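Open your viewer and get comfortable. We will take the model one selection at a time.

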Amino acid sequence: MKLTLAYCPVACSMVPYILLTEAKAEFETMVINLGKAEHLSEKYLALNPKGKVPTLLIDGQALTENIAIQVWIAQQFPSFELMPKEPLKFAQALSVMSWCSSAIHPKLTQQARPERYCDLPESAESVQNLGSHSMLELFAIADNMLEGRQHFFDHFTCVDAYFYWCFKRGSMFKGDTLIFKNCQRHLQLMEQRPSVQKLLAFEKEVQKTFAAN
Ligand SMILES: N[C@@H](CCC(=O)N[C@@H](CS)C(=O)NCC(=O)O)C(=O)O
């Protein structure tokens, strides 16, 4: 089976990169430079008409939406138990992943691309501040979920990879995320995983090529 992940550094395509690596899957990357609008090229839109990363090509067939990609990886490589097995725990994992996708992620976009939320002149800073405020409220909830825990469930799952990205990306904006001690600890533990170290090294290389071009 040939797997190709459409990926851009810093973006949420980090998550399937980590999970494919955890599952020891062989995969290639198709680097998409969002800064150069490569996700809006005719060629990329033919794969993913929504013009977003990630897209996972599975023998040439495109799978889009982070949650769908994560669940597919977990089911394709079951021995790595990337989703909890027990049905209620599985649904609870999906619940946290849906929250990452539908609640946290939009607050990150609101800070990165305020012009998409309000086009009134000079509104950007206030849109970003509101996004930051909501994001911090969401991280406070996650911080409680992670109290006394290394992972969201009893072992590493897709949820850890997804929340790791949300928190890392969220920490690049101006709100104070250092106050969330459990989220910080979770991020540090994630960064000790070989899969995340491989990703971060890969990101560095790709960013160098972006800077050079
Ligand atoms: N609902 C999509 C959202 C993906 C998404 O928003 N990806 C961002 C990167 S984190 C993107 O491609 N942004 C490009 C743009 O919106 O122009 C998913 O969960 O996969």
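The tour below starts with the whole fold and ends at the ligand.

This is a predicted model, in which local features need pLDDT of at least 70 and side-chain atom pairs count only at pLDDT 80 or more, while totals for chains, interfaces and linings use all residues. Residues are numbered from 1 along each chain as its sequence is written, and side-chain values use heavy atoms, with hydrogens and water left out.

**Stop 1: the domains.** Colour domain 1 (3–80 + 195–212) and domain 2 (87–193) separately; such bounds come from an automatic or database domain assignment. Their centres, taken over C-alpha atoms, are 20 Å apart. At the junction, 19 residues of domain 1 are in contact (heavy atoms within 4.5 Å) with 20 residues of domain 2.

**Stop 2: the shell.** Now select the ligand and what is near it, meaning residues with a heavy atom within 4 Å. You should find Ala 11, Cys 12, His 39, Lys 52, Val 53, Pro 54, Glu 65, Asn 66, His 105, Arg 116 and Trp 165. Which domains supply this shell? Domain 1 and domain 2 each give at least three residues.

**Stop 3: polar contacts.** Next, show N or O pairs within 3.5 Å between ligand and side chains. Ligand oxygen atoms lie 2.9 Å from a side-chain N or O atom of His 39 and 2.8 Å from one of Arg 116. For Glu 65, look for a ligand nitrogen atom at 2.6 Å from a side-chain N or O atom. Finally, compute areas by the Shrake-Rupley method with a 1.4 Å probe: alone, the ligand exposes 510 Å², and the protein buries 82% of that.

Note on methods
A polar contact is a pair of N or O atoms within 3.5 Å; within protein, one must be able to donate a hydrogen and the other to accept it, and residues adjacent in sequence count only if both atoms are side-chain atoms.
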